[in-house]
Amino acid sequence: MQDILDVITSRKSIRRYKPDPVPDEMLDKVLEAARWAPTGENYQPWRFVVVRDQETRNKIGNLARVGSGSRMTAWYCLGHMQERFAGIQDPEKRAKVLRFMYSGEVSEFAKQSPVVIAVIGTLMEGSVDVPYDLSAAIENMLLMAHAQGLGGCWVHGPVATTRDAKKFKEILGIPTGMGQYKVIAYVSIGWAAEARKYPRPKKNLEDLVYWEKFGQTQRPRHG
Amino acid sequence: MDSNVLLNQMLYRMEEVFWHELSDCAPWKTEYVGIDFIQSQDIKGATEDEVIRSCIDRIKAVGLAQEVDFSITGNDILLKLQVRDCQLMLKETLLRKGGIKPYSCPLANMIRDQLIEKLGYETTYLADMAADEKTGCCDLKVAIYATPEKIGAVSDWSKA
């Protein structure tokens with residue numbers, strides 16, 4: 001059995017995909033993994049809309065491009081994006097990356113991803129943990145996809161604003177009432193057409209973990 | 001108790017918990033706050049200038065703010081608003097005292113909504129909000145995109 005930590009640490013967000021289809025049995029495993037995510041009081045509020053249709057994925061891709069692009073254009077105009085990417089030394093490369101971001105192209109990849117899975121949660125069954133349960137399901141999906149050699153990405157952009165979330169629901173025929181279903185993200189799944197730098201830089205555990213009390217960085221002896 | 005103080009205190013608590021739950025995403029989720037009023041006002045206009053002026057007239061008429069000035073610049077995607085003596089300044093003051101930068105403006109939401117509803121704008125985004133309780137002024141930068149092609153029309157807004 002593969003060490004689960006290897007699966008977790010080697011996973012990366014994939015935003016470029018080959019056009020090859022994802023077999024049903026692999027997709028079913030991704031969905032099955034989602035079904036087994038932790039869920040408060042076993043409410044299982046998640047629902048999934050699996051999309052392979054190109055026209056629908058184009059609409060989602062366009063919505064994502066406008067959503068991300070509208071925010072990143074403003075952030076660029078305010079100087080925030082330049083600060084964020086100041087670490088890229090080559091000015092031409094930095095400008096190219098920034099254009100990719102503020103144009104919204106960065107979020108358009110639903111068009112190329114063979115499968116898009118909208119992750120939504122019912123708000124009508126009493127669960128008090130809907131966003132958290134859905135997030136746990138998404139993580140399971142990404143890990144299962146990766147464990148099978150597929151790539152995936154968790155995408156919040158096209159549903160980040162209330163108005164865009166409504167548009168997203170309309171594309172997929174999800175009831176749009178604010179008291180009905182919450183759409184938290186979509187997950188793209190497919191065969192990776194990119195090899196991202198591995199491992200991505202991560203903060204050290206020492207910078208993240210406190211012992212017994214917040215702020216206490218000294219690990220106490222025990223036993 | 002002054003009903004406006006009560007309203008501000010309630011909005012403050014709502015926005016405080018929203019921020020706590022959603023952090024920087026909170027402004028994106030609150031863009032509908034205020035739109036019911038403006039949608040009931042039969043705003044008319046064929047241009048952005050006319051629609052925005054009509055919204056401001058209604059906002060002033062009901063006493064939400066004493067004065068609202070605006071200009072459109074930055075490749076036509078930057079709507080600058082300056083609101084003076086806003087009835088909601090107290091909630092911004094309370095938020096700031098609680099360590100949260102004010103992030104939601106119902107008045108801006110009203111104008112954004114009508115640009116979309118009346119002129120078919122593609123999308124809008126409240127990019128910056130600087131409320132100053134000492135001067136009674138609030139300066140807002142709103143990104144307004146008439147068409148998808150306006151996404152990416154970048155410029156330096158510090159010079160706009």
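**Packing and pairing, term by term**

In chain A, 79% of the contacts (heavy atoms within 4.5 Å) with a separation of 6 or more join residues 24 or more positions apart. This is a predicted model, where local features need pLDDT of at least 70 and side-chain atom pairs pLDDT 80 or more, while totals for chains, interfaces and linings use all residues. Residues are numbered from 1 along each chain, chains are lettered from A in the order written, and side-chain values use heavy atoms, without hydrogens and water.

Student: Why is α3(A) called roughly antiparallel to α7(A)?

Tutor: Helix α3 (residues 54–77) and helix α7 (residues 162–172) of chain A pack at about 175°, axes 10 Å apart. Angles over 145 degrees count as roughly antiparallel, so α3(A) gets that label against α7(A).

Student: Okay, and what makes that contact, residue-wise?

Tutor: From α3(A) come Thr56(A), Lys59(A), Ile60(A), Leu63(A) and Gly67(A); α7(A) brings Asp164(A), Lys167(A), Phe168(A), Ile171(A) and Leu172(A). That's five nonpolar, two polar and three charged, with Gly counted as polar.

Student: Over in chain B, how do you know that strand β3 is largely enclosed?

Tutor: Buried means under 20% relative accessible area (1.4 Å probe, protein chains only). Seven of the ten residues of β3(B), residues 123–132, are buried, so the rest of the structure largely encloses that strand.

Student: What makes β3(B) and β4(B) a pair?

Tutor: Two strands pair if DSSP finds at least two bridges between them. β3(B) and β4(B) (residues 137–145) have nine, in the antiparallel sense. Among the partners, Leu126(B) bridges to Val142(B).

Technical notes
Axes are lines fitted to C-alpha atoms, for helices over the stretch in contact, and angles run from 0 to 180 degrees between N-to-C directions. Helices (H or I, at least four residues) and strands (E, at least two) are DSSP runs, numbered from the N terminus. Angles under 35 degrees count as roughly parallel, over 145 as roughly antiparallel, 65 to 115 as roughly perpendicular and the rest as oblique. Buried means under 20% relative accessible area, exposed over 50%, partly exposed in between (1.4 Å probe, protein chains only).
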